[in-house]
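Visitor: Could we go through the cavities and the salt bridges of this entry?

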Amino acid sequence: MATSGSIKDCSPKAKSAMTPTDFGFLPIPTRLRFDPDKPFHFGLVLNIAFGFASTFTAANLYYCQPLLIEFSKSFDVNYEQVSQIPTLVQAGYASGLVLITPLGDLVRRRPLILLLVLLSTTFTVGLSVTTNLRLFEVLCFLTGLVTVTPQVLMPLAADLATPDRRGAALSVVLSGLMFGVLAARVLAGVIANFASWRIVYYMAISVQALVLVGAYFMLPDYPAKNINLSYFQILGSMAKYAVTEPLVVQASLINIASSACFSAFWVTLTFLLGGPPYYYSTLVIGLFGLVGMFGVLVGPFAGRLIDKLVPWYATLMATLILSISQAVQTAAGGINVSAVIIACFGLDAARQMQQVSLSTDVFS
């Protein structure tokens, strides 16, 4: 007779408890479950999927920028009032970076990413149908708040990739993020030129739904890294690193300055190109994002180069290119469109190289 200790509980309840789930009820596909004895292979297909997810979630932050003139007409307000919309989106995004991204250290990142994409899709539904400017602005802030999926994917990619491929893996995710920044402007400009601006957000709902389904079937599970820390302890450690870790301090200061240059250029570009001396249409303004996309294409090549070189040298080179591009735009952007094109390419290429090199340095 078998002893009670050798008897296995095969009841449905016991089996359910043994099956890893998301949110306590959604089963994780077997091949994606974490197995410490058999590490998940982070191949090119999954790396590209990470980049795709970054593209169409980060795009939420920038659909609005080529549409500001259309917003002013639709909501019957002046340019000054609609110019607050990109600021609110970026304010939400900054809040999400501080308040939501740290959760990636406390909880499993697979369910966190699924929840973030679900929420951003839901808020985008609201953006597509509301006729009230104040509600639109609130939804813009909330959308920015939960659009931190790329920032959760990047450390996950760094954990899954082998050390010799870490820079290349991060460059693909960052390239996806930057493509989202630029593709959003192109798609929004082209669509709004031929149809209502609301169609842009209908499209955004569709691609985010695709990302959500793809994430469920492709995103590997990975255990939480700091289960013994509380949320406020994580926030406290962030504050501590901000003053005690020289590399983190340097990377933060560089990113603050370069982000200011990058955002100031793209937010004001719509008004520059829509007014004198250019008077370009929404379509043409949106197509300027294509120029920036060519700059983003250097990302994967920069990643391979950074894997072989000291990342800090790449950061210095990128910062120099960014400064030169900003100088060209400041000096001649309102005089000749060639200066704008040079700035589009240079700022995006430099920003991409800078982010890859800094991320590689910090994560390593």
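Guide: The cavities come first and the salt bridges follow. This is a predicted model, in which local features need pLDDT of at least 70, side-chain atom pairs count only at pLDDT 80 or more, and totals for chains, interfaces and linings use all residues. Residues are numbered from 1 along each chain as its sequence is written, and side-chain values use heavy atoms, with hydrogens and water left out.

Visitor: How many cavities of 30 Å³ or more are there?

Guide: The count comes to 2. A cavity here is a set of points on a 1 Å grid over the protein atoms alone where a 1.4 Å probe fits but cannot get out, and its lining residues have an atom within 4 Å of a point. Grid points are joined across faces, edges and corners, and a volume is the space filled by probe spheres set on the points.

Visitor: What is the volume of the largest cavity, and which residues line it?

Guide: The largest cavity has about 50 Å³. Its lining consists of Q65, P66, R185, W266, L269, T270, I285 and G286.

Visitor: Which helix gives the most to that lining?

Guide: Helix α12 does, with 3 residues. Both α12 (246–274) and α13 (282–296) supply at least two residues each; helices are DSSP runs of H or I with at least four residues, strands are runs of E with at least two, and both are numbered from the N terminus.

Visitor: And the second largest cavity, what lines that one?

Guide: N60, C64, V89, L127, C140, T143 and Y201 line the second largest cavity, which holds about 40 Å³.

Visitor: Switching to salt bridges, how many are there?

Guide: There are 6 salt bridges, each defined as a side-chain nitrogen of Lys or Arg within 4 Å of a carboxyl oxygen of Asp or Glu. One of them joins D22 and R110 at 2.7 Å, N to O. That pair links strand β1 (residues 21–22) with helix α6 (residues 109–129), 88 residues apart.

Visitor: Are D22 and R110 buried or exposed?

Guide: D22 and R110 are both buried; buried means under 20% relative accessible area, exposed over 50%, and partly exposed in between (1.4 Å probe, protein chains only).

Visitor: What about R108, which partner does it have?

Guide: R108 forms a salt bridge with D221, with the closest N and O atoms 2.9 Å apart. The two lie in loops, R108 between α5 (84–99) and α6, D221 between α10 (198–218) and α11 (231–244), 113 residues apart. R108 is partly exposed at 25%, whereas D221 is buried at 10%.

How values were computed: On a 1 Å grid over the protein atoms alone, a cavity is a set of points where a 1.4 Å probe fits but cannot get out, and a pocket is an open set with protein on both sides within 12 Å along at least five of seven lines; lining residues have an atom within 4 Å of a point.
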